[in-house]
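The exercises below are to be worked with the sequence and the structure in view. Each task is followed by a solution in steps.

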Amino acid sequence: MIGPLNGCRVLELTHIMAGPTCGMMLADMGADVIKVEKPTGDDTRRLTPPDINGESAAFLMMNRNKRGLALDLKQDSARDALKTLLKDADVVIENFRGGTMERLGLGYETLKEENPGIIFVSISGFGRTGPYASRGGFDLIAQGMSGLMTITGEGPGRPPVKVGAPLSDITAGIIAAMAVSAAYAHKLKTGQGQKVDTSLFEAAITHTYWQSAIAFATGETPHPLGSAHPLSAPYQSFQTSDGWINLGAANQRNWEKLVHCIGAPELNEDPRFNSNHNRMHNLPALEEELNKVFRQRTTEDWLATLEEAGVPAGPVLTINEMLRDPQVIAREMIVETEHPVAGPTKALGLPVKFSETPGGVEMPAPLLGQHSVEILAEGGYDRAAIDAMIASGAVIVTDPPA
């Protein structure tokens with residue numbers, strides 16, 4: 001595999017979700033990502049069940065394609081080893097509490113003295129500046145403070161609802177990977193590194209573009225609409241005789257196609273529904289009329305009819321149904337690696353395809369400290385020095401089973 005970031009070396013000092021997502025994205029695009037863990041490992045290693053032969057499924061998912069180095073950064077020799085490795089690194093990613101890297105002697109100002117080209121990536125709850133800079137952050141907190149939990153759910157007056165996936169964690173990791181790619185391009189042109197700073201809070205806020213536009217324009221507070229869209233209709237889920245479909249007849253042309261293919265052209269003559277403005281103003285009535293129609297036939301039947309008419313629509317799948325979908329398989333969004341303990345394990349693939357530098361998934365997630373010896377050797381340490389650090393507990397090594 002030679003991805004577009006081939007030749008870029010990344011040291012990932014992160015845990016759980018946002019930082020590992022960033023490292024995973026970079027690794028899938030060809031970067032050499034070294035996951036640096038504490039002696040007890042990333043906390044995700046203990047997020048069980050589920051596990052596969054004792055290995056955390058969550059850790060396996062987020063850390064494929066990475067090499068593993070385990071260090072006790074409370075020991076001087078371990079910190080010195082990390083500093084040595086950082087002298088030649090392109091990127092370091094951290095998601096510690098504010099000030100931790102500085103206390104370890106690994107802050108950006110210190111590192112760039114030895115390595116002016118270092119790209120120093122901080123992912124935190126709220127960012128490294130501002131009145132909330134010292135606060136810790138979690139996905140749930142970011143979703144609540146961003147407004148997302150007041151626009152998610154079945155409707156106004158109901159309890160707040162979190163998006164099912166850890167949206168701010170994953171998005172913060174993707175945004176950080178995007179920023180690393182941009183900073184790395186700048187470094188290749190100028191030799192100059194820089195500090196990159198993003199947060200779960202800002203990542204969650206980016207998902208409110210439409211609702212923030214409404215608030216800016218009207219001063220009104222948007223509220224949850226179930227599966228409906230805040231600006232166009234019909235664009236939501238409808239119940240069939242045996243399940244649910246999502247319908248995207250969100251412009252006038254698709255609306256007119258829809259009413260004809262479902263055998264209800266009179267809806268387009270109804271003054272409540274003859275324009276997007278009127279459909280949005282009368283959304284509950286529109287939902288009632290369309291649900292009457294869609295409940296008469298099966299999901300499969302309706303999807304065939306809508307596809308033939310050119311109306312955008314799709315089924316509402318469970319996660320397991322999605323994982324079996326032929327388009328998911330064709331796009332290589334399901335990949336398999338051979339883990340030394342867990343055995344054959346499946347993971348999600350790279351969600352972008354490159355024609356010349358394809359990237360992809362080749363290695364399973366590492367055992368704790370699986371590559372410690374080879375990584376330190378690459379950093380210039382001889383075997384005697386490495387063995388001394390192993391003996392002191394500064395370096396942890398786990399060898400794959402024979």
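**Exercise 1. A salt bridge between separate parts of the chain**

Are D28 and R64 buried or exposed? Determine also which parts of the chain their contact connects.

Solution. The model is a predicted one. Begin with the contact itself: D28 and R64 form a salt bridge, and their closest N and O atoms are 2.5 Å apart. Next, place the two residues: D28 belongs to helix α1, whereas R64 sits in the loop between α2 (57-62) and β5, so the pair ties together parts that are 36 residues apart in sequence. Last, check the cover: both D28 and R64 are buried.

**Exercise 2. Two further salt bridges**

Classify R45, E37, R46 and D43 by relative accessibility, given that under 20% counts as buried and over 50% as exposed.

Solution. Take the R45 and E37 pair, whose side chains meet in a salt bridge at 2.8 Å, N to O. R45 has a relative accessible area of 16%, so R45 is buried. E37 is at 4%, and therefore counts as buried.

Now take R46, which forms a salt bridge with D43, the closest N and O atoms being 2.6 Å apart. R46 stands at 42% relative accessibility and so counts as partly exposed. D43, at 28%, is partly exposed too.

To put these pairs in context, the structure holds 21 salt bridges. Some are joined up: R9, D32, R67, E374 and E378 are linked in a network.

**Exercise 3. Strand β2 and its partners**

Which strands pair with β2, and in what sense?

Solution. Start from strand β1 (residues 9-13), which pairs with β2 in the parallel sense over 4 bridges. In this pairing, L11 has I34 of β2 as its bridge partner. Then turn to strand β5 (residues 66-71): β5 and β2 also pair in the parallel sense, over 5 bridges. Here V36 stands opposite L69 in β5.

Follow the chain next. β1, helix α1 (residues 18-28) and β2 make a β-α-β unit, and this unit is right-handed. As for cover, 5 of the 6 residues of β2 (residues 32-37) are buried, and the strand is mostly covered.

**Exercise 4. The largest nonpolar core**

Which elements give two or more residues to the largest nonpolar core, and which gives the largest share?

Solution. The core has 31 residues, of which V10, C22, L26, V91, I93, V121 and I123 touch the most other members. The elements that give two or more residues to this core are α1, β6 (91-94), β7 (119-124), α7 (167-190) and α8 (200-205). The largest share comes from α7, with 7 residues.

For the chain as a whole, buried residues make up 45% of its 402 residues.

**Exercise 5. A nonpolar surface patch**

Which residues form a nonpolar patch with Y132 on the surface, and how much accessible area do they have together?

Solution. The patch consists of Y132, F138, L140, I141 and M145, and their accessible area together is about 480 Å². One of these residues can be placed and classified: I141 lies in helix α6 (residues 139-145). Its relative accessibility is 38%, so I141 counts as partly exposed.

**Exercise 6. Overall description**

How many helices and strands does the chain have, and what does its C-alpha trace span along the principal axes?

Solution. The count gives 18 helices and 14 strands. Along the principal axes, the C-alpha trace spans about 85 × 50 × 40 Å.

Notes. Residues are numbered from 1 along each chain as its sequence is written. This is a predicted model: local features need pLDDT of at least 70, side-chain atom pairs count only at pLDDT 80 or more; totals for chains, interfaces and linings use all residues. Side-chain values use heavy atoms; hydrogens and water are left out. Patches are made of residues with over 30% relative accessible area and no salt bridge: like charges are joined within 9 Å, nonpolar side chains (Val, Leu, Ile, Met, Phe, Trp, Tyr) within 5 Å. Accessible areas come from the Shrake-Rupley method with a 1.4 Å probe; for residues, only the protein chains shown count as cover. A salt bridge is a side-chain nitrogen of Lys or Arg within 4 Å of a carboxyl oxygen of Asp or Glu. Buried means under 20% relative accessible area, exposed over 50%, partly exposed in between (1.4 Å probe, protein chains only). Two strands pair if DSSP finds at least two bridges between them. A crossover is right-handed if, with the strands pointing away from the viewer, the path from the first strand over the helix to the second runs clockwise. A nonpolar core is a set of buried Ala, Val, Leu, Ile, Met, Phe, Trp, Tyr and Cys residues joined through side-chain atoms within 4.5 Å.
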